[in-house]
There are 2 protein chains.
Amino acid sequence: MLKKKQNIEHTQLLVLSLLAGEDMYGYQMIVELARRSDRTFEMKEGTLYPILHGLEKEGYVEAYQQTAPTGRVRKYYHITRKGSGLLSEEKEAWQRYCGAVNAVLEASLA
Amino acid sequence: MLKKKQNIEHTQLLVLSLLAGEDMYGYQMIVELARRSDRTFEMKEGTLYPILHGLEKEGYVEAYQQTAPTGRVRKYYHITRKGSGLLSEEKEAWQRYCGAVNAVLEASLA
DNA sequence: TAGAATACCTCGCGGCACAAGGTATGTCAA
DNA sequence: TTGACATACCTTGTGCCGCGAGGTATTCTA
């Protein structure tokens, strides 16, 4: 009856989704995520950076240095083809998950 | 910039939502949850029972014994007024969360 | 010129979902 | 009638995720 694990790791989904739009550096991602989610997601640095390093290690993203007009060096991340594949999977998983929750919520109204 | 914690505890939401429809016992909730979610949620007993005990301890649900026609004794849970309040809050939180994820996903398409 | 903002990083903790195991009763087929 | 399976409840231990907290360094601004 009970078998599969189902982890909620929407953080990866969100990060990959951001990078699907354009290359970004860490700090920017935190700010953008907050903005696009209307302040719902205030991702912590202690959360984001380990995720980025993990994604890079697995080949889902690639990092490169770039100096900003301000003179500061930033570390940009670029999503790879492999990363896009993962994103697709996670999008689908999210939609399924989201739909399932809503189904349960609506069922209890009847 | 970064301040609030945001835990993903949709399990409570799902459990309370089930009980909002009718009183249920643990095993039944697992089966119902799987059915209503089209097998997406196969909640484990090691997850459910501690949650139920916690909800009961905090006064969100009340438990009572009832003997089934089969002769088996079952432990039914009933949602309290306080529990309904919590459910409302969590529903709202879920909608906000869900909307935020979708907003981020859609933003990356542009 | 001090503090805020920018920008990156890591270590350790707490809590959650689960695996795994235990107990017990009812049902049904061989 | 017995053994396997479904029903029904429970707890302990573990792994991992997200975060708190702290660290470093540079640039901007009042």
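Which elements of chain A and chain B each supply at least two residues of the surface near DNA strand D? In this predicted model, they are α3 (45–57) of chain A together with α2, α3 (45–57) and β3 (73–79) of chain B. The legends below take up this surface, the interface of the two protein chains, and several side-chain clusters.

**View 1. The protein surface near DNA strand D.**
DNA strand D is surrounded by 22 residues, and the closest of them are A:R72, B:Y27, B:E45, B:R72 and B:R74. The element that gives the most to this surface is α3(B), with 4 residues. Sorted by class, the surface near DNA strand D has 9 polar, 8 charged and 5 nonpolar residues. Of the atoms of DNA strand D that lie within 4 Å of the protein, 70% belong to sugar or phosphate, while the rest belong to bases.

**View 2. Side-chain approaches to phosphate and base oxygens of DNA strand D.**
On chain A, an N or O atom in the side chain of A:T11 is 3.0 Å from a phosphate oxygen of DNA strand D. On chain B, a polar side-chain atom of B:H53 lies 3.2 Å from a phosphate oxygen of the strand. The side chain of B:R72, a residue listed among the closest to DNA strand D, has a polar atom 2.6 Å from a base oxygen of that strand.

**View 3. The interface of chain B and chain A.**
Here 41 residues of chain B are in contact with 41 residues of chain A, and the area buried between the two chains is about 3600 Å², of which carbon and sulfur atoms give 67%. Across this interface the rule finds 0 salt bridges, whereas 8 residue pairs are counted in polar contact between the chains, both residues being at pLDDT 80 or more. On the side of chain B that touches chain A, the elements giving two or more residues are α1 (10–21), α2 (26–36) and α4 (81–107) of chain B. The most comes from α4(B), with 12 residues. By class, this side of chain B divides into 23 nonpolar, 8 polar and 10 charged residues.

**View 4. Salt bridges around B:E32 in helix α2 of chain B, with a further pair at B:R39.**
The structure holds 6 salt bridges over all chains, and this view takes in several from chain B. The side chain of B:E32 meets that of B:R35 in a salt bridge, with an N to O distance of 3.1 Å, and these two residues lie 3 residues apart in helix α2, about one turn of the helix. B:E32 also forms a salt bridge with B:R36, where the closest N and O atoms are 2.7 Å apart; this pair lies 4 residues apart in helix α2 of chain B, again about one turn of the helix. B:E32 counts as buried because its relative accessible area, 15%, falls under 20%, whereas B:R35, at 52%, is exposed. Both B:R36 and B:E32 are buried. In the further pair, B:R39 forms a salt bridge with B:E42, the closest N and O atoms being 3.9 Å apart; B:R39 is partly exposed, with a relative accessible area of 47%, and B:E42 is buried, at 11%.

**View 5. The surroundings of A:R36 in helix α2 of chain A.**
A:R36 lies in helix α2 (residues 26–36) of chain A, and a network of salt bridges links A:E32, A:R35 and A:R36. The side chains of A:R36 and A:E32 are joined by a polar contact of 2.7 Å. A:R36 counts as buried because its relative accessibility of 17% is under 20%. With its neighbours within four places in sequence left aside, A:R36 is in contact with A:L18, A:E22 and A:M24 of chain A, and with B:A103, B:V104, B:A107 and B:S108 of chain B.

**View 6. The polar contacts of B:D23.**
B:D23 lies in the loop between α1 and β1 (24–25) of chain B and counts as partly exposed, at 24% relative accessibility. Its side chain makes polar contacts with the side chains of B:Y64, at 2.6 Å, and B:H78, at 2.8 Å. Residues up to four places away in sequence not being counted, B:D23 touches B:Q28, B:Y64, B:Y76, B:Y77 and B:H78. Although B:D23 and B:I79 are 56 residues apart in sequence, their C-alpha atoms are 7.4 Å apart in space.

Methods. Residues numbered from 1 in each chain as written. Chains lettered and ligands numbered in written order. Heavy atoms only, no water. Contact = heavy atoms within 4.5 Å. Buried area = accessible area lost by both parts, 1.4 Å probe. Salt bridge = Lys/Arg side-chain N within 4 Å of Asp/Glu carboxyl O. Polar contact = N/O pair within 3.5 Å; in protein donor to acceptor, adjacent residues only side chain to side chain. Nonpolar A, V, L, I, M, F, W, Y, C, P; charged D, E, K, R; others polar. Buried < 20%, exposed > 50% of the residue type's maximum accessible area, 1.4 Å probe, protein only. Near = heavy atom within 4 Å.
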